[in-house]
Amino acid sequence: MKYDTIIIGAGLGGLTAGAKLAKEGRKVLLLEQHDRAGGCATTFKRGDFTLEVGLHEMDGPVQGDINSRIFNDLGVTDKVAFLKVPEFYRFINDRVDVVIPHDPTLAAQRLTALFPDEAGGIEAYFSQILKPKRKIAEEAARDKSVGEFLDSIIRNEDLKLVLLGNLGYFHDDPYSLSLTYYSIAEGSYYSGGGSFIRGGSQKLSDYLANYIREHGGDVMLNHIVTGIHASRRRITGVEFKMKKNNNAVLQTAEADEFVANASMPGIADLLPEEYGSELKKEIQHQKAGASLLTLYLGFNKPLRDLGHKYYSTFVFDSTVKTQKDIPANNRSDYSTRSFTFIDYSQVDSMLAPAGKSVGALCCIDYLKDWEGLERKEYRSKKEQVQASFIERLDQLIPGIKTVIGYAEVGTPSTVKRYTLNPGGAVYGFAQTPLKKVVDTSKLPENLHFASAWGKMGGGFSGAICGGYFCAVAILRKK
């Protein structure tokens, strides 16, 4: 089989790249080892409940932003519904309980009323994250950590924690998170608000996969790439086979251009030794980001009936007194680990039938705490974690455990199994201050990267933009 472009992986980066290339007349083959397209932008069904794997809220889209321009180009806007999320988040610990709106002016006013002695620091914070991206780029050469920045402008530790409520959207430690990266990412939520995709993120992934097919491309699910061929400093083709068939015949396909929508460590293992060793050398000092643990929940009634009224709630344990306590808490016992709870019934999510609802509890987690367990031990640990978090949720929303119709825990092992990401990392490489850009000049010139492990970083917007710009770069080559 011969194509113009072969894409390895059907996450949002690969899907967006494939859709753009197919639209422009390129013959595309997209290979995905999972049984559905989307990577972390997927859903799964359990009885009446559609459970959302990855999307809590996506920044934007709003008229004129990059997401809207991409969606308009690919026809997404007319086919996929984006629901505005009512507030940015609610932050709660044993000392503070505050709702942060998406509007930065209102957010600053609310925080100033709560922390009047920190008015100057609050102004400095919003000035930083709302400044033009060009100015942020100019400061990148002297990038520092978010933790260092907050310490320099704010004295009140609880205010720092409130501002770091959604830190888990990006990283696990404010003292090793790039301020430049954080400013752009967090600023996009304040400037453009947040959205949830009606019906779940699978709607977007399926739309893009079908768009590729409708424009003459092939999308092959349940097919895993087992090797990459190269000759004279160019990738020439790939080997692949059906994943769940022990008798599957090894197939090959050739193309002029290749897009890797997979982890860079994984691609390094697939490349011929000459290039694989170069890539491994280049990324050896890059650190993979953290993973996540998610408790998926189906409820037999909307949580509004229990008096709950918040979409995103970030619960910080009382043991987290300062931002320096966050990394240790992320590795603490699950009975004290800080977590996020999303109540999808606060919007018209279409994830459950009338009279029922869906939610998700999520916390930072690490693969090494789940590796090496026997099957029975693994299941037992999941049951213990589930019970612990349900009890804590019942303290937050009294009566919630009595309306649970379904519960299931996904661990970092689950993330690794379905994405093949090392460590179950969900955001690719950690976005550390002055993070080195991966130099691909010694790799074949027709190999391109479009994933959370690439230049744009993780998250829905990072993957979508990375995939789109990758496609544009390929189109400009000829």
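## Salt bridges and a helix pair

At 38% relative accessibility, K401 is partly exposed, and its side chain is a good place to start a tour of this predicted model. K401 forms a salt bridge with E391, with the closest N and O atoms 3.0 Å apart. Side chains of opposite charge can pair when their charged atoms come close. In this model, the count comes to 21 salt bridges. A few of them are introduced below, followed by a pair of helices.

**K401 and E391**

- K401 sits in the loop between α13 (375–396) and β18 (404–410), while E391 belongs to helix α13.
- The two residues are 10 residues apart, and their pair links distant parts of the chain.
- Like K401, which counts as partly exposed, E391 falls in the partly exposed class, at 39% relative accessibility.

**K280 and D269**

- A salt bridge joins K280 to D269, and the closest N and O atoms are 3.1 Å apart.
- K280 lies in helix α11 (residues 273–283) and D269 in helix α10 (residues 264–270), so this pair ties together parts that are 11 residues apart in sequence.
- K280 is partly exposed, at 40% relative accessibility, whereas D269 is exposed, with a relative accessible area of 55%.

**E282 and K436**

- Helix α11 also holds E282, whose side chain meets that of K436 in a salt bridge (3.4 Å, N to O).
- K436 is found in the loop between α14 (412–419) and β19 (447–449).
- With their positions 154 residues apart in the chain, E282 and K436 link distant parts of it.
- Is E282 buried or exposed? E282 counts as buried, because its relative accessibility is 18% and the cut-off for buried is under 20%.
- Its partner K436 is exposed, with a relative accessible area of 53%.

**A salt-bridge network**

- Which residues are linked with K20 in a network of salt bridges? They are K23, E24 and D73.

**Helices α4 and α6**

- Helix α4 (residues 119–130) packs with helix α6 (residues 146–153) at an angle of about 145°.
- The axes of α4 and α6 are 9 Å apart.
- On the α4 side, the residues that meet α6 are G121, A124, Y125 and Q128.
- On the α6 side, F149, L150 and I153 meet α4.
- By class, this contact has 5 nonpolar and 2 polar residues, with no charged ones.

Definitions and conventions
Residues numbered from 1 in each chain as written. Predicted model: local features only at pLDDT ≥ 70, side-chain atom pairs only at ≥ 80, totals over all residues. Heavy atoms only, no water. Salt bridge = Lys/Arg side-chain N within 4 Å of Asp/Glu carboxyl O. Helix = DSSP H or I, 4+ residues; strand = E, 2+ residues; numbered from the N terminus. Buried < 20%, exposed > 50% of the residue type's maximum accessible area, 1.4 Å probe, protein only. Axes fitted to C-alpha atoms, helices over the stretch in contact; angles between N-to-C directions. Contact = heavy atoms within 4.5 Å. Nonpolar A, V, L, I, M, F, W, Y, C, P; charged D, E, K, R; others polar.
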